[in-house]
Amino acid sequence: EIVAVIGPSGGGKTTMVRMILSLIRPQKGRAELGDGYGQAQEMNAALRGFFSYVPQGNTLVSGTIADNLRMVKPQAPDEEIEAALKTASLFAALKELKT
């Protein structure tokens, strides 16, 4: 499921994401993840793999888009890069730009 967190500057969006990723701990109370069956588990670093974070800024380094994507997974084959671009709805647009 895709969820967007939006709100005014200073509203706590970054703090919430940092807490979800267990980069910071709550000063009071607990940060928990519910499973939809009434079970809850306290947020911890082991749960990070269930979340993706797309920051507000966008940064590309020099090189190709594939080079940028391989910063995360250096051994990713071209097919995996293509699949990622299709998932992000970018493949067709990039292919069109190339021609």
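Let's start with confidence: among the elements of this protein, helix α3 (residues 78–87) has the highest mean pLDDT, at 93, while helix α4 (residues 91–98) has the lowest, at 84. Keep in mind that this is a predicted model. Across the protein, the mean pLDDT comes out at 86, and 94% of the residues get to 70 or more. Where pLDDT is low, you shouldn't read the predicted coordinates in detail.

Both of those helices turn up again at a pocket. The second largest pocket has a volume of about 320 Å³. Which elements give two or more residues to its lining? They are α2 (65–69), α3 and α4. The residues lining this pocket include T64, I65, A66, R70, D78 and I81. E82, L85, F91, L94, K95 and K98 are also part of the lining.

Now hop over to the start of the chain. G12 sits in the segment before α1 (13–20), and V5 is found in the segment before α1 too. Are these two buried or exposed? Here's how they come out:

| Residue | Relative accessible area | Class |
|---|---|---|
| G12 | 31% | partly exposed |
| V5 | 42% | partly exposed |

Partly exposed is the label here because the class covers values between the 20% and 50% cut-offs.

V5 also has company: together with V3 and M16, V5 makes up a nonpolar patch on the surface. The accessible area of the three together is about 260 Å².

As for G12, how far is its C-alpha atom from that of Y53? The two C-alpha atoms are separated by 15 Å, with the residues 41 apart along the chain.

How values were computed: Residues are numbered from 1 along each chain as its sequence is written. This is a predicted model: local features need pLDDT of at least 70, side-chain atom pairs count only at pLDDT 80 or more; totals for chains, interfaces and linings use all residues. Side-chain values use heavy atoms; hydrogens and water are left out. pLDDT is the predictor's confidence in each residue, from 0 to 100. Helices (H or I, at least four residues) and strands (E, at least two) are DSSP runs, numbered from the N terminus. Buried means under 20% relative accessible area, exposed over 50%, partly exposed in between (1.4 Å probe, protein chains only). Patches are made of residues with over 30% relative accessible area and no salt bridge: like charges are joined within 9 Å, nonpolar side chains (Val, Leu, Ile, Met, Phe, Trp, Tyr) within 5 Å. Accessible areas come from the Shrake-Rupley method with a 1.4 Å probe; for residues, only the protein chains shown count as cover. A salt bridge is a side-chain nitrogen of Lys or Arg within 4 Å of a carboxyl oxygen of Asp or Glu. On a 1 Å grid over the protein atoms alone, a cavity is a set of points where a 1.4 Å probe fits but cannot get out, and a pocket is an open set with protein on both sides within 12 Å along at least five of seven lines; lining residues have an atom within 4 Å of a point. Grid points are joined across faces, edges and corners, and a volume is the space filled by probe spheres set on the points.
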